[in-house]
Amino acid sequence: MAEEPGEDTENLKPFWSGVVTFGLVSVPVSLFPATRGTTLRLRMVDAQGNFLQRRFFGSDDSKPLDAEDLVRGYEYEKDQFIIVEDDELEALDPEKSREIDLKQFVELHELSPLHFERAYFLVPNGSTTKAYRLLAKTLEQEDRAGIATFVMRGKEYLCAIIAERGILRAETLRFSEEVRSPDAIGLPARDSHDAATVKQFTKAIKALKAKTLDHGELEDKRSAGIVKLADKKLLSGTNVVQASDDTEEVEESSSNVVDLMEVLKERLQGKLRARAAPQRKTGKSATGRGGELKSKSKAELYEMAQTRDVPGRSTMSKEKLIVALTSERRQ
């Protein structure tokens, strides 16, 4: 079965590194995802177990389109579009920055969970953790959150900096126009209720009251069921197929799995994890330049393509980015 996620602590890499700044204070941090995709992923294959590729087709014919044929369009009226070029989009990107700029501190209860989009751990990134610990302690004592902006991968994010058990967390926030109000979905007006009905509901709630959350209720029972089914089929040899050697998966895994416990312990003790230096290979590699590029994430490949001004890069899959970068290197 698939390897359990979160076990490899030697290759942990942050999404982003920089400093949290406010006033004259600077707190060096690294950003790690606090959540991950599902631990189980069903992949689309054919009956022989070969990976499938997604292709785009025009609505007027059945000919598949290449990456260079794809453009983005803004629909200003139904079926009427304004074409937006890649370089025009890139010109709108915010200026690159390594700062999480704290704008204000608000009471934590003012932030609705509806605005929370994605959670990241802010991990100390320096030889001293004094400023980090002070910021976390103060936010926790004051029951406040810092509202900040930062730029990551060419996009500016609004986020809330929250402290919990001495650890800082950044929650990226949805913008106001992305959140519906209760009025927008047409909830009925509040009715008055008699005391007997209220008492009945109160009694029913008390019957299920728990002192602590049972984390067993948060387990993904469907994924566990799929794993059990797959194990059973594997033992019986039913529906077991294997892709051919020359088949390669194009789609990149969406999960970014990290186990932060060891990193948090070391960083809070003022110890930085040393990155392993890449080994230099002599002679001709079996995989060549393409093999080196395959070890990189799609975001890293896109950044390389952006630096080298590879045309059509924004619509390329990971595999096509590798091919484009390999071809560009040979020229």
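Here, buried means under 20% relative accessible area, exposed means over 50%, and partly exposed lies in between, using a 1.4 Å probe and protein chains only. By that yardstick Arg118 is partly exposed, because its relative accessible area is 48%. This is a predicted model, where local features need pLDDT of at least 70, side-chain atom pairs count only at pLDDT 80 or more, and totals for chains, interfaces and linings use all residues. Residues are numbered from 1 along each chain as its sequence is written, and side-chain values use heavy atoms, leaving out hydrogens and water.

**The barrel**
- Seven strands (strands being DSSP E runs of at least two residues, numbered from the N terminus) close into a barrel, ordered β1-β2-β8-β11-β10-β9-β7, with mixed pairing.
- On average, neighbouring strands of this sheet are turned by 40 degrees against each other, direction ignored; the axes are lines fitted to C-alpha atoms, and angles run from 0 to 180 degrees between N-to-C directions.

**Where β8 meets β11**
- Strands β8 (residues 116-124) and β11 (residues 167-173) run antiparallel and share six bridges; two strands pair if DSSP finds at least two bridges between them.
- Phe121 sits opposite Arg169 of β11.
- Arg118 belongs to β8, and its C-alpha is 5.6 Å from that of Glu171, though the two are 53 residues apart in sequence.
- Setting aside neighbours within four places in sequence, Arg118 is in contact (heavy atoms within 4.5 Å) with Ala170, Glu171 and Thr172.

**Around Phe81**
- Phe81 is part of strand β6 (residues 80-84).
- Phe81 counts as partly exposed because its relative accessibility is 47%.

Key
Helices (H or I, at least four residues) and strands (E, at least two) are DSSP runs, numbered from the N terminus.
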